[in-house]
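Please walk through the structure shown below, with an eye on its metal sites, its domains and its nonpolar cores.

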Amino acid sequence: MQALFFDNRLSLQDIPVPEPSRGEVLIKLLYSAICNTDLEIIKGYMGFKGVLGHEFVGRVITESHPLYGKTVVGEINCSCQQCYLCLSGRRTHCEHRSVIGIAGRQGAFADFISLPAENLHIVPDAIPLPLAVFTEPLAAAVEIFEQLHMKPSGSVFIFGAGKLGLLVSMVARLHGFDYTTFDAVTEKTAFAFKLGINSRTIRELSQHEKAEVCIDCTGSPAGISLAMSHLWPKGTLVLKTTVADPAKPDLNSIVINEFTVIGSRCGLFSPALNLLERRLVDPSTMISGKFMFMDIINAFEAAKNPLNHKIIIDHNV
Ligand SMILES: [Zn+2]
Ligand SMILES: [Zn+2]
C-alpha cells in the first residue's frame with residue numbers, strides 16, 4: 001500500500017498493509033486531514049519517524065468483526081490496559097501508549113490502518129464524510145470544557161484563530177460565554193468574523209483588558225505569555241499549544257497572580273460526534289482545500305500557508 005512516510009523528509013512509499021494484532025481491525029481510509037501537530041512533527045516535535053496522520057474517517061474491512069462495513073473515526077491514544085495508569089482509569093495517559101501517527105504507531109496518511117476496535121466510534125449517517133475528520137480536533141476543543149467548569153457569565157479570551165482556535169470559539173459560543181477570539185493576523189480575525197465568531201486583532205486588545213479564562217491556541221511559544229498577560233488574577237490559563245520548541249513561562253507570575261493552569265490535550269469523541277451530527281458545530285467553511293492522497297506532498301505545502309485552514313485528503317480511488 002501507499003503511505004506518507006516521514007524520516008527527516010516526507011515521501012510517499014510502498015509499505016506492507018498492516019496486520020491487525022489482537023483486538024485490532026483493519027480500516028480502509030476514506031478521508032484524512034492535516035493538523036498543526038503534523039506540521040510540528042516535521043519540524044522535530046515528538047521525534048516521530050514513520051507514517052503521519054491522526055485525523056481520519058475510514059471503513060472497517062475486517063470481515064470477522066462486528067464493526068465490518070461500518071464508517072468509523074478513531075481516538076488516537078492506544079493503551080496497554082495493564083500498566084498502573086491504565087488500571088487507575090487513565091488510559092489516555094498509559095505509560096506504554098502509542099499515538100496514531102504521532103508516537104510509536106503508524107498514522108492515517110496511508111491506504112489502510114490497523115487500530116484497536118475499542119478506539120473506534122461509528123460515524124452517524126447525518127455527518128458528511130469529509131466533515132467527520134473534524135471529530136478529533138473538535139473533541140480536543142470540547143475537552144477544555146470537560147476539564148474546566150465555569151459560570152455561563154464568565155469571560156473567555158481565546159488566543160489564535162487557527163483551526164483549533166476556531167473550533168474552541170464555536171464551542172465557547174455554544175455555551176453562551178462572553179468570549180472573544182484574538183489573532184495577530186487581520187485576515188484570520190476577518191475569517192473568524194465571517195463564521196459569526198466574536199473576533200478582534202491582538203493590536204486592538206489594550207493592556208488592561210482581561211478575562212477570567214484565557215485559552216492559548218496560538219500554536220506559538222509566545223502565545224502562553226500573551227494569554228497570561230490578559231488573565232485576571234485568580235484566573236485560569238488553558239494551554240493547548242504543543243510545539244517542537246516549547247516556551248518557558250514565568251512561574252513566579254503564576255504564583256503571584258494565583259493563576260490556575262490547565263494543560264489540555266485530546267478529548268472524548270462522543271460529544272464531538274453529537275455536535276457534528278446535530279450541526280451545532282459546522283466546520284464545513286473551514287475546509288480550505290481538498291487534495292487526492294497521491295498529491296499529499298503538495299497538500300502539506302498548502303497546509304503550511306498560515307492563511308489556509310483545514311486541508312482535507314481524499315483517499316477514494
Ligand atoms: Zn490533530
Ligand atoms: Zn497502560
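Donors are N, O and S atoms within 2.8 Å of the metal (3.2 Å for Na, K and Ca), and since water is not among the atoms, sites may look incomplete. This is a predicted model, in which local features need pLDDT of at least 70 and side-chain atom pairs count only at pLDDT 80 or more, whereas totals for chains, interfaces and linings use all residues. Residues are numbered from 1 along each chain as its sequence is written, chains are lettered from A and ligands numbered from 1 in the order in which they are written, and side-chain values use heavy atoms, with hydrogens and water left out.

The zinc ion (ligand 2) has as protein donors the SG atoms of Cys 80, Cys 83, Cys 86 and Cys 94, at 2.3 to 2.4 Å, and these residues follow the spacing C-x2-C-x2-C-x7-C. Because the 4 donor atoms subtend angles of 103 to 119° at this ion, the arrangement is tetrahedral (for four donors, all angles between 85 and 135 degrees). Ideal angles for four tetrahedral donors are 109.5 degrees. Both Cys 83 and Cys 86 are buried, that is, under 20% relative accessible area, computed with a 1.4 Å probe on protein chains only.

For the zinc ion (ligand 1), the protein donors are Cys 35 (SG), His 54 (NE2) and Glu 55 (OE), lying 2.1 to 2.3 Å away, with the spacing C-x18-H-E. Cys 35 lies in the loop between β3 and α1 (36-41), and Glu 55, 20 residues apart from it, in strand β5 (residues 55-60); helices (H or I, at least four residues) and strands (E, at least two) are DSSP runs, numbered from the N terminus. Cys 35 counts as buried because its relative accessibility is 12%, and Glu 55 is buried with a relative accessible area of 1%.

The domain assignment, whose bounds come from an automatic or database source, gives domain 1 (2-122 + 282-314) and domain 2 (138-263), with C-alpha centres 27 Å apart. The largest nonpolar core holds 47 residues, of which Leu 138, Val 156, Ile 158, Leu 166, Leu 167 and Ile 215 touch the most other members; such a core is a set of buried Ala, Val, Leu, Ile, Met, Phe, Trp, Tyr and Cys residues joined through side-chain atoms within 4.5 Å. Both domains give residues to this core, so it lies between them. Apart from it lies another core, of 36 residues, including Leu 10, Tyr 45, Ala 108 and Phe 300.

Methods:
Four donors count as tetrahedral if all angles lie between 85 and 135 degrees; four count as square planar and six as octahedral if opposite donors are over 155 degrees apart and all others between 65 and 115; anything else is irregular. Buried means under 20% relative accessible area, exposed over 50%, partly exposed in between (1.4 Å probe, protein chains only).
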